[in-house]
Amino acid sequence: MALTQRLRARTRAWIDRRSPPQTGPVRIHRRRLYILPTRGGAWFGLLLFTMLLGSMNYSNSLGFALTFLLGGLVLVAMHHTHRNLLNLTVRAAPVGPVFAGQPALLAVMLHNPAGQSRLAVAVAADDTVDAQDDAVTDIPAGGDAICRLSLTTRARGRLPLPRLKISTLFPMGLFRAWTWIRLDQSVLVYPRPAGRAPLPPASPGLVEGADRHRTGREDFAGLRRYGRGDPPRLIHWKSYPRTGTLMVKQFDDPRQETLWLDFAMVPGGGVEPRLSQLTRWVQEADRRGLVYGLRLPGAEIPPDRGAPHRDRCLRSLALYAD
Amino acid sequence: MPTEQRLRLIAVLALVMAPHLVRVPVWVSLFTGAILGWQAMAAWRDWPAPARWLRLRLLLALAAFVGVYASYGRVDGQNAGVALLMLMLALKLTETHRHRDMMILLGLCYFVVITHFLFSQEIVMAVFLGLAGWLITACFIDANHPGRALPIRDLLRRSASLLAQALPLAVLLFVLFPRIPGPLWGLPSDSGASARTGLSDSMEPGSISRVALSDAVAFRVEFEGDPPPPAQRYWRGPVFWSFDGRRWTTGWPGRFLDAAPDYRPQTAPIRYRLTLEPHDQDWLLALDLPARAPANAYRDAAGSLRTREPISQRRAFTLSSVPDYVLQPDSPPDLLDYARRLPGDGNPQARALARQWRDRDAGPADVVTAALTRFREQPFRYTLQPGALRGEDRIDQFLFDTRAGFCEHYAGAFVFLMRAAGIPARVVTGYQGGSPGLGDYLIVRAADAHAWAEVWLEGRGWVRVDPTGAVAPERIESGLGGSMGADEPVPYLARGGGDLLRRAQLAWDWANAGWNRWFLAYGPERQRDFLAELGLPDVRSMILALTLLLTAVMALIGTILIWQARPRGGIDPVQAAWLRLCRRLAAAGLPRRDDEGPLDYATRVARARPDCATTVSALAREYVAIRYRHGGSRQQRRAFIREARGFRPPGGPRRPARI
C-alpha cells in the first residue's frame, strides 16, 4: 500500500516535471501527447490473435483477409486517435472568486485550429483535486468548444488550477490519447462564511456632531430589501401591498455611523473561525449597505461600501497569512 | 446508451448473423431472432428490463448449452460452435449498456463474420466482408462518441475512410505475412461445407453416373503450354484393386503399400496448375500419369496422388505429368497376384467367356482386344440411365442381358473379365475431358467423372484401356454432352453450345477461377513461389520487407494525418491587404502606432498628408466596416482588397517624419 502510494506520488511528480505550468493558450504538442491501448484495445488484440490462429488452422484466405484488414484498422485508428488531440489549444477562462465549500466552475476552452473537426474530446481535472464531472465535447473545424468542470474548494486562499487531462478515445476506442496540461492560473477562494455573532456596534462616523436621524429627501438613494436589524422607521410601507416584500429606504449620508470589523474583536478562538466570522460580517454589512472598515493584524482597509470595497475586504481575508 | 445507437447495433448484429440462419437449427434462429426483436422494441419504446432478468438470463444461457448439445451431440465443432456463438451473442446484447460491453459485443461481431468463411469463401462472401466490416466499424465509431449520436452518413463516411486507409496495410499483410502450412491443431470433424459431389472411395454400378448428373466444378487447370488433346485428358484419381462381387474398393495395395511404382517417361512432362475444389477426400486429381508428388502429397502404390489430410479447402497445386509412359514394367509378383483376385464364385457366364478367350491360346493383348471387340460389336449402349442391376451376378446381367451402362459398368465388367482370364487388371477412377473456360484454362466438372481400366502386360507395364471408348468413342473426344442422346439427363453445361446464358456462366466461372487462383489459393506454396519471383526467397526477407513496407505506409498515413491537423494559417486576406497599406504608409513616413485603431490612424494620416486623405479615410472606414461590423459581402471584400493593394502614397517612400 505504502509502496503503491509512493510510486503514485513519484509518477505524479514526474508528470508534473513533464508538464510545468504554462500561461496563456497551450497548444497540445506532439511531444507531450501520449497514447496507449485501452482495455478494449487489449481485448480486440486478443480477438485478432484468435482470428489469426483460426485462419491459419483452416488455411482460410478470407479469414486472413478480415484479420489483416482489422489489423490495419487498429494501426490506422491509433494514428487517428493521436491526431484527434494534436494541435488543439487549451485555455481556461478566469474563474471568479468563490467561498470555500462552494464549487468553482471552471470553463476550459478548446480551440481547434485545423480544417478537420475533432470529436469526443474529454476534459477532466486531475485526480489530485476533486473534480465532479468530466466533459466530453466535439470541436468543429476552426472552432471552439467549452467544457465546464466544477472543482471542489476546501480552504481559503489561492487555489491553483488543477492539472487538466485532455483525452480522447475516438474513433475506435482501442487507444486512449491524452495529455496533461497545467495552466498558470488560480482561483481565489474566500473563507467560508460562518459564525453566529451579531455585527459589532457601529461607532459614530468621521463627521462630528452630525444629525443621526436626518432624513432629508435630497439624500434619498433608493429602496432595498428589508434585512434583519433594519430600524422599522425606515420601512417603506407604501410599496409593501404592491410588491409583497418589505423594502427599506436608503439614504446617502456621509455622516453615517461607521462599522469596524476587527479581527481582534471577533469572539472565539482560532484564526480560521475568526476569518469565517469576519467574512460573514462583511457579507452582512454589505447587504445592509453599511459603511464598514476591516482591521486585520498588520492590515487595515478604511471604511467604505459597495461591491469593490467588499471584494477588497474578502480578498484580504482570503489571502490573510498569520 | 442513446436509442439510435442501440438500434444501429441491433441492426448490425442481425446483419452479421443472417447468413448463419439457414445453417443452424430452427430453434436457434427463432430464439436469436426473438431476442433481437425484443431488444429492438425495448430500445424503441424504452421498455425497462424485466424483473429478475439477471437470473433468467443465466437460466437461458444454460438452456442454450443444453439445447445445442441436444441438437448436435456436442458443444464444440464448427456447426455447434456457430449455434452457440449466436445464442450467446443474443444474450450478451441484453446486458450491453455500457461502453465496455459495446466494445466486447462489436468485437464479437467481427468474429461472427469470420465464422461465415468456414462455410463459404465465394466472391459474394468478400462483398459481405466489406459490407459487414464497414457497418461494424461505423458502430465502433458510434459507440466511442458519447452524448449526441452522430448522423449515419457521417458514421459511414468516417468508417469508409478508416477502412480505406487500413486497406493498403491489409494488402501488405496478406501478401507478405509468412503463411505456415497445414492445420495447427486439427480441424473439427464437421469442418467445411457439407454435401459435396465428387468421386467416392469405392465404385459400384451407378456411383459414377450419379456424380455425372452435376454441373459442379471439380477442378480447374491452367497449362503452361498448350493443353493436351481431349483424348489424352485422363485425370487420374483413386485406383481400385479389390472386388467383393458388387463393389470395387481400394484394397490392400492402395491402403498398405507405401512403395510408389517406378515408371519410364516416353515424352517430356507437361507442367500445369490445378485448383482443386474441396472434396473431403485424401486424393488429388492429376493428368495421367503424374510425374511426381507436390508438397504435402505422395504417390500411392498405383501411381495416383494422395494427400495426408482430406482436402476440405480449395487448394492449388503445381503439377507435372507424362502423358506417354511405361508404368511399373517390373511389378512385384504379389502385386500382380492381387490384381488377378476375384471372389470365389458368382458371375459364371463372364468367367466362362474369359476362360474361353484364354483357352484360345491367345496372349493377354489378344484377350484385351477380344473384350473390346465384344463391347464394340454387340449392341451395348452408353447411357446415364441403365436401370438397376439386381441379384448376385450383376456383371453377367450387364454383359449378357441389359447391355446398357455408364463407364463404371464397362470398366468394372472389363476388369472382371481380364482377371477371370488371368490378366492383372484394376479399375481407375477420375475424370476425362474438360471444357475451356473464358481464360486459358480448362474447367473439369463433376459431369466429366469417368472410370476406366488398367491391365498389366509383360514388358509394357500397366496399360490404360478404356472400354467406354469402345462403346462410345465420342465420349472420349467430345465429352458427355456429345455422346448422349437428347433424352439423357445430361447436365446443362456439359451439353456444350454457345448461347448467352452459357457465356454468362463461363464469364462467372472465369471470375471465380481468378478469385480462386489469386486469392483463395494464396497459401504457403503460392506465397513462396510468388515472393521468390519478387526476389524475397525466404521467411527472413519476407518479414524484413513486411516490416519496412508497413513502417513506410504507416509513416505516410501518419504524416498525412498530422499535416491535416496543422493549424490553418489563418490571416484574413482583407486584413493582409490593410496591413500592406499600413506598411506602404509607414514607408512613406507615417507608421501606425501600436495603440492606434484604423480610424484614428486614418485621421492622423489625413492631417499629415492631405493629398491622400480621402482615399485613406474611405479605405479605413471600409476596413472597419468589413472587419468589425458585418463581415462584408464577397464583392465588398474583393473590392476592398483591390483598392487597398492599388493604393500608393504619392511621393514615394520617405524618411519617417516626427509627429
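This report describes the secondary structure, sheets, helices and chain contacts of a predicted model with chains A and B.

**Overall composition**

The two chains are summarised in the table below.

| Chain | Secondary structure | Residues | Buried residues | Contacts 24 or more positions apart, of those with a separation of 6 or more |
|---|---|---|---|---|
| A | six helices and 17 strands | 322 residues | 34% | 70% |
| B | 23 helices and 19 strands | 659 residues | 38% | 74% |

**The four-stranded sheet of chain A**

Chain A contains an open sheet of four strands with antiparallel pairing, in the order E1-E3-E5-E8. Strands E1 and E8 (144-151) of chain A form the edges; each has a single partner strand, so one side of each is left without a neighbour in the sheet.

The pairings can be followed across the sheet from E1. Strand E1 (residues 26-27) of chain A and E3(A) run antiparallel and are joined by two bridges, with Val26(A) opposite Val90(A) in E3(A). On to the next strand, E3(A) is linked by four bridges to strand E5 (residues 104-111) of chain A, again in the antiparallel sense. Here Val90(A) has Leu110(A) of E5(A) as its bridge partner. Val90(A) thus has a partner in E1(A), namely Val26(A), and another in E5(A), namely Leu110(A). The antiparallel pairing of E5(A) with E8(A) comprises eight bridges, and in this pairing Leu105(A) stands opposite Ser150(A) in E8(A).

Strand E3 (residues 89-92) of chain A also shows an alternation of its side chains. Val90(A) and Ala92(A) point to one face and are buried, whereas Thr89(A) and Arg91(A) point to the other face and are not buried.

**Helix H2 of chain A and the annotated segments**

Helix H2(A) has 20 residues, for which a rise of 1.5 Å a residue gives an expected span of 28 Å; the end C-alpha atoms are 29 Å apart, which agrees. The buried residues of H2(A) are Gly40(A), Gly41(A), Phe44(A), Leu48(A), Met51(A), Ser55(A), Met56(A) and Tyr58(A). These buried residues pack against strand E2 (34-37), H3 and strand E11 (175-181) of chain A, and also against helix H5 (99-116) of chain B. The surroundings of H2(A) therefore include elements of both chains, since residues count as in contact when their C-beta atoms lie within 7 Å. Just after H2(A), Ser59(A) adopts a positive phi of about 45°.

An unreviewed UniProt entry annotates residues 33-52 and 58-78 of chain A as "transmembrane region". In the model, residues 33-52 of chain A are 70% helix and 20% strand, with the end C-alpha atoms 31 Å apart. Residues 58-78 of chain A are 90% helix and 0% strand, and the end C-alpha atoms of that segment lie 30 Å apart.

**Contacts between the chains**

At the interface, 45 residues of chain A are in contact with 55 residues of chain B. On the chain A side, the elements that give two or more residues are helix H2 (39-58), helix H3 (61-83) and strand E6 (118-125) of chain A. H3(A) supplies the largest share, 18 residues. By residue class, the chain A side divides into 28 nonpolar, 16 polar and one charged.

**Features of chain B**

Chain B holds an open sheet of five strands with antiparallel pairing, ordered E11-E7-E2-E17-E16. Its edge strands are E11 (315-321) and E16 (435-436) of chain B, each of which pairs on one side only. Within this sheet, strand E2 (residues 217-223) and strand E7 (residues 270-276) of chain B pair in the antiparallel sense over five bridges. Val221(B) has Leu274(B) in E7(B) as its bridge partner.

Helix H7 (residues 152-176) of chain B has 25 residues and, at 1.5 Å a residue, should span 36 Å; the distance between its end C-alpha atoms is 35 Å, which agrees. H7(B) nevertheless contains a kink of about 35° at Leu167(B), shortly before the proline Pro168(B).

Technical notes
Residues numbered from 1 in each chain as written. Chains lettered and ligands numbered in written order. Predicted model: local features only at pLDDT ≥ 70, side-chain atom pairs only at ≥ 80, totals over all residues. Pairing = 2+ DSSP bridges. Buried ≥ 20, exposed ≤ 12 C-beta atoms within 10 Å, placed from the backbone. Contact = placed C-beta atoms within 7 Å. Nonpolar A, V, L, I, M, F, W, Y, C, P; charged D, E, K, R; others polar. Expected span 1.5 Å × (residues − 1). Bend = angle between axes of the 7 residues up to and from the residue. UniProt positions renumbered as here; feature names shortened; annotations may be inferred.
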